[in-house]
Amino acid sequence: MLRQRFVLDTTALTDLQVREKLEMDGMCDGIREVLDLIASSRLNLGISCYVPFPSVYKELHEFAQNNGCDSEVIAKIDTWLVKKAPDRYNVQIPSKVFHEYVSHMRERINKGMVIAEETIWDASTECLLTESKANNRKDISSDIERRVIGGHIGKFRNKYRSALRYGILDSAPDIDVLILAKELDAAVVASDFGIQKWAEELGVRFVPAHTFPMILQEYLKHSDNVKKPDSEK
């Protein structure tokens, strides 16, 4: 059996669906359970799980601490996840990928601009309709801010974030995960659609976070059938 390698995004341990699959209620319990599966897979099958250092490693530490996880969880992160800085200088990525990424980003930005223009137009129209209902300028400003502009701005923020962030790489840790997976010829584990999309572009194997624990459990279930070399008996 070929030794498997996985590169984990933060969502590989923190995704809600992961906890639901493992029937764990708490965030820390879910992280602990996944790390225990990783530990068993490492000891029994030689499966290695990497995290980019320091970006994703730092995110995991902060996430665990901010959610009140105990020192045991932190120790498991340090023990069973292999920390490695991605080789950003020597890993080669086709120029076509960057060309498509730039085009993709431009398209997203344009969508954001269109949404902004539509929102501003709607807000302005509502302002004109509301003006006649106010007694003076002060009342107009207060009424517009509370009922019209505030509502439109809230909608604008949600639409803008969705248009610009969904399906794109929007952080350094995301890029580090892909580069390290490319370098190690490993599979990426994440629940981020942007990582999935660009993993496909780079020819990197992708494993959805919510299926990862089940994959490890399946490997371990059949580990007794794996014939070990004489040197390991």
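Buried residues, defined by a relative accessible area under 20% (exposed being over 50% and partly exposed in between, with a 1.4 Å probe and protein chains only), make up 41% of the 233 residues in the chain. The model is predicted, so that local features require pLDDT of at least 70 and side-chain atom pairs count only at pLDDT 80 or more, whereas totals for chains, interfaces and linings use all residues. Residues are numbered from 1 along each chain as its sequence is written, and side-chain values use heavy atoms, with hydrogens and water left out. The chain exposes about 14,100 Å², of which carbon and sulfur atoms supply 51%; accessible areas were obtained by the Shrake-Rupley method with a 1.4 Å probe, and for residues only the protein chains shown count as cover.

The secondary structure comprises 10 helices and 5 strands, taken as DSSP runs (helices H or I of at least four residues, strands E of at least two) and numbered from the N terminus. Contacts were assigned to heavy atoms within 4.5 Å. Among contacts between residues at least 6 apart in sequence, 72% join residues at least 24 apart.

The largest nonpolar core (a set of buried Ala, Val, Leu, Ile, Met, Phe, Trp, Tyr and Cys residues joined through side-chain atoms within 4.5 Å) contains 51 residues, and F6, L8, I38, L81, V188 and F212 touch the most other members. Helix α3 contributes the largest share of this core, 8 residues. With neighbours within four places in sequence left aside, I38 is in contact with L8, C49, W80, L81, F212 and L216. Helix α3 spans residues 27-45 and also contains S41. The relative accessible area of S41 is 0%, and this residue is therefore classed as buried. Beyond neighbours within four places in sequence, S41 is in contact with G46, I47, L216 and L220.

Salt bridges were assigned where a side-chain nitrogen of Lys or Arg lies within 4 Å of a carboxyl oxygen of Asp or Glu. By this rule the count comes to 9 salt bridges. One network of salt bridges links D29, R32, D36, D70, E72 and K76. Within this network, the side chains of E72 and R32 meet at 3.7 Å, N to O. This pair links distant parts of the chain, with E72 in helix α5 (residues 71-80) and R32 in helix α3, 40 residues apart. E72 is partly exposed at 40% relative accessibility, whereas R32 is buried at 17%. E72 also forms a salt bridge with K76, at 3.9 Å, N to O. K76 and E72 are separated by about one helical turn because they lie 4 residues apart in helix α5. K76 counts as buried, at 14% relative accessibility.

A further salt bridge joins the side chains of E218 and K221 at 3.2 Å, N to O. Both residues lie in helix α10 (residues 212-221), 3 residues apart, about one turn of the helix. E218 is partly exposed, at 36% relative accessibility, while K221 is exposed, with a relative accessible area of 56%.

In helix α9 (residues 193-202), the buried residues are G194, I195, W198, A199 and L202. Viewed down the axis of α9, these buried residues fall within an arc of 130° and therefore line one face of the helix; the arc is that of the directions from the helix axis to the C-beta atoms. The N-terminal end of α9 is capped by D192, a side-chain oxygen of which lies 2.7 Å from the backbone nitrogen of G194. Just after α9, G203 takes a positive phi of about 70°.

Several further backbone features were identified in loops. Most residues other than glycine have a negative phi, and most peptide bonds are trans. The peptide bond from F53 to P54 is cis, with omega near 5°, and P54 lies in the loop between β2 (48-52) and α4 (55-66). A positive phi, near 60°, is found at E23, which lies in the loop between α2 (16-22) and α3. E23 is exposed, with a relative accessible area of 70%. D185 likewise has a positive phi, near 55°, and lies in the loop between α8 (172-184) and β4 (187-190). The relative accessible area of D185 is 62%, and this residue therefore counts as exposed.

How values were computed
A polar contact is a pair of N or O atoms within 3.5 Å; within protein, one must be able to donate a hydrogen and the other to accept it, and residues adjacent in sequence count only if both atoms are side-chain atoms.
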